[in-house]
Structure formats: C-alpha cells, structure tokens
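Okay, everyone, thanks for coming. Let's put the model up and walk through the packing inside it.

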Amino acid sequence: MEILGATLRVCVDDLEKAIPFYERLAGGRALRFERGGVQVAAAGCFLLMSGPESELEVLRKVAATIAVTDVEETHRVLVELGADIIAGPVPTPVGRNLIVRHPDGAVYEYADRRA
C-alpha cells in the first residue's frame, strides 16, 4: 500500500465565497463536482464541501482523505491491521474510495484515481 498524500476536508457555508481564497492559497483552479447533494471543490490539498447540514454532519466525521495508489490493496492492508471498514470500496467521480475507522477511532477516507 502506498500513500501518495492527504487532503484536508473543510466544510463551508458558502462554497462560492470560499473557493477564491483556497484557489489563491493553493495556487490553482478548483476542480468542482457534486456528490449526494453536496457541492465539492478540490483546490490543492483542500477539499471544500457545502450542502445540507444533515449531509455535512456525516462528512465532518471523516478527518481527512488519503490518496493511495490502489484502494483494493489498501482495503486488504487495513483489514489485516484491524481497521473497521465503514463503506466501500465504491466508485467515485474520479476513481474509488473506502471509508475506514482506525483502531484508535479516527475515521478516514482512502481514495485512488483508478477507474
């Protein structure tokens, strides 16, 4: 399992107002998409999310998104290490993801860019 990096998850009230700040901070244009009624913008290492409070409440429980080369391999390694698989692997707009609770209780999303 290879970890490529991490993305910080930021819930915002006004996505349109937040995007210019984070684009300037990250030095590039944000990639935008929508998932499950939540508007999302990825700018550098920041994943901005805005939407219904009921959806954001769930998303706030995930500490960060960790980029990996292969979600299937990551799944196997995490199970061997005693992690609790909450959801996935499932397809996403850019690859696949997996939501996992580590033995210490921390919850993370692991994502790859494989179709």
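So, Val 10: skip its neighbours within four places in sequence, and Val 10 is in contact with Tyr 22, Phe 46, Leu 47, Leu 48 and Met 49. Keep in mind that this is a predicted model.

Now, what does Val 10 belong to? Val 10 is part of the largest nonpolar core, which has eleven residues in all. Alongside Val 10 you'll find Val 12, Leu 15, Ala 18, Ile 19, Tyr 22, Ala 30, Ala 41, Ala 43, Phe 46 and Leu 48. Which elements each supply at least two residues of this core? Those are α1 (15–26), β3 (38–43) and β4 (46–50). The biggest giver is α1, with four residues.

There's also a second core, separate from that one, with eight residues. Val 71, Ala 83, Val 100 and Tyr 110 are among them.

Okay, on to the rings. How many aromatic pairs does the structure hold? Two. Take Phe 21 and Tyr 22: their rings sit edge-to-face, 5.0 Å centre to centre, with 85 degrees between the planes. Ring pairs also bring in Phe 46, so to speak, linking Phe 21, Tyr 22 and Phe 46 into a cluster.

Here's a bit I like: are Phe 21 and Tyr 22 buried or exposed? Phe 21 counts as exposed because its relative accessibility is 51%, and the cut-off for exposed is over 50%. Tyr 22 comes in at 15% relative accessibility, so Tyr 22 counts as buried; that cut-off is under 20%. And Tyr 22, remember, is one of the residues in the largest nonpolar core.

Technical notes
Residues numbered from 1 in each chain as written. Predicted model: local features only at pLDDT ≥ 70, side-chain atom pairs only at ≥ 80, totals over all residues. Heavy atoms only, no water. Phe/Tyr/Trp six-rings, centres within 6.5 Å; stacked < 30°, edge-to-face > 60°. Buried < 20%, exposed > 50% of the residue type's maximum accessible area, 1.4 Å probe, protein only. Core = buried A, V, L, I, M, F, W, Y, C linked by side-chain atoms within 4.5 Å. Contact = heavy atoms within 4.5 Å.
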